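Here are a few exercises to work through with the model open beside you. Try each one before reading its solution.

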Amino acid sequence: MKAVAQLLNEMRSSGVIRNYALFGAVAQMRYTEPVATLDADVLVAVSQPDRLDVLGDIYAFCAARGYPPEGEAIRVGPWPTQFVPVFTPLTREAMEQAETADFDGVPFRVVKAVHLAVIALSVGRAKDFARILSLLESGSVTRQEIGLLAARHDLSAAWRQFETRFPHE
Amino acid sequence: MSEIQALLERQARWQKTRQALSWPEKVRMAERVLESVRQLRRPRKAEPDNPERTPP
């Protein structure tokens with residue numbers, strides 16, 4: 001994962017991407033106990049978002065450094081890494097407000113717990129609900145914080161549904 | 001019953017200690033099981049004589 005952090009920092013400093021932030025299960029582990037996952041997910045703001053092949057520069061940059069594509073991801077060491085262009089105001093905000101963590105001495109931008117929870121809420125699969133519950137249990141985010149952010153992103157109904165299904169004990 | 005309760009409480013405490021590990025250490029734990037997870041989630045081919053059953 002250190003190699004993923006180094007690659008992303010290099011990508012940003014060379015202008016291939018404007019910014020990035022890790023999200024998904026690997027980001028979740030910063031706040032909760034470890035979870036099994038298949039890949040690393042990264043939100044990216046690309047330098048030329050209007051291009052048809054929006055991830056083309058990223059793939060070329062990685063290929064030049066010996067990181068091959070693997071399905072819809074790029075294999076960086078053991079980690080298939082998926083690059084997801086910021087696609088909603090919520091994901092853009094999550095990326096812009098990400099925190100810089102330390103991964104074995106390398107700075108690594110990671111989405112905050114509250115944004116992870118609300119992105120999970122917006123996706124709404126069983127494993128996303130499990131992520132929200134896990135983040136709540138870890139104490140890294142509160143129901144009130146999720147509710148407020150969900151309201152700002154038009155997800156109040158989804159949040160109410162979650163609260164009905166998983167009431168606070 | 002109280003033994004089972006105690007066992008569950010010990011397990012919960014143990015799980016909490018994993019939460020307290022550093023983030024890189026937790027990611028390395030996930031990395032160690034990455035290949036196994038990949039194998040488990042890989043779609044299996046159905047057996048030729050029984051299309052509904054997949055080999056173990």
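**Exercise 1.** In which loop of chain A does A:Asp104 lie? Work out what its backbone and surroundings look like.

*Solution.* Start with the location: A:Asp104 sits in the loop between strand S6 (99-103) and strand S7 (106-110) of chain A. Next, check phi. In this predicted model, A:Asp104 has a positive phi of about 50°, although it is not a glycine. That's worth a second look because most residues other than glycine have a negative phi. Finally, count neighbours: A:Asp104 has 14 C-beta neighbours inside 10 Å, so it counts as partly exposed.

**Exercise 2.** Now take A:Asp154 and find which loop holds it. Is it buried or exposed?

*Solution.* Look between helix H7 (143-152) and H8 of chain A, and you'll find A:Asp154 in the loop there. Its phi is positive too, about 60°, and again the residue is not a glycine. For the surroundings, 12 other C-beta atoms lie within 10 Å of A:Asp154; the cut-off for exposed is 12 or fewer, so A:Asp154 is exposed.

**Exercise 3.** Describe helix H6 (residues 126-138) of chain A: its span, its buried residues and what they pack against.

*Solution.* Span comes first. H6(A) has 13 residues and reaches 18 Å from its first C-alpha to its last, close to the 18 Å expected at 1.5 Å a residue. Then pick out the buried residues, which are A:Arg131, A:Ile132, A:Ser134 and A:Leu135. They cover an arc of only 165° around the axis, so they are on the same side of H6(A). It helps to recall that an α-helix has 3.6 residues a turn, so residues three or four places apart point the same way. As for partners, the buried residues of H6(A) pack against helix H2 (24-28), helix H5 (113-123) and helix H8 (156-165) of chain A. Last step: see what comes next along the chain. H6(A) is followed by A:Gly139, which has a positive phi, near 80°.

**Exercise 4.** Which domains does the assignment give for chain A, and what do they bring to their contact?

*Solution.* The domain assignment splits off domain 1 (2-111) and domain 2 (115-165) of chain A. Their centres, taken over C-alpha atoms, are separated by 23 Å. Twelve residues from domain 1 of chain A and eleven residues from domain 2 of chain A make up the contact. On the domain 1 side, H2 and helix H4 (89-96) of chain A each supply at least two residues. H4(A) gives the most there, with five residues. By class, that side of domain 1 has seven nonpolar, four polar and one charged residues.

Stay with H4(A) for a moment. A:Leu90, A:Thr91, A:Ala94 and A:Met95 are buried in this helix. Their arc around the axis is only 130°, which puts them on the same side of H4(A). What covers them includes strand S1 (17-23), strand S2 (40-46) and H5 of chain A.

**Exercise 5.** Step back to the whole of chain A: how many helices and strands are there?

*Solution.* Count eight helices and seven strands in chain A. The radius of gyration of chain A is 16 Å, close to the 15 Å that the globule rule gives for 169 residues, so chain A is as compact as a globular protein of that length. Of those 169 residues, 40% count as buried.

Terms used
Residues numbered from 1 in each chain as written. Chains lettered and ligands numbered in written order. Predicted model: local features only at pLDDT ≥ 70, side-chain atom pairs only at ≥ 80, totals over all residues. Helix = DSSP H or I, 4+ residues; strand = E, 2+ residues; numbered from the N terminus. Expected span 1.5 Å × (residues − 1). Buried ≥ 20, exposed ≤ 12 C-beta atoms within 10 Å, placed from the backbone. Arc of directions from axis to C-beta. Contact = placed C-beta atoms within 7 Å. Rg over C-alpha atoms; globule rule 2.2 N^0.38 Å. Domains from an automatic or database assignment. Nonpolar A, V, L, I, M, F, W, Y, C, P; charged D, E, K, R; others polar.
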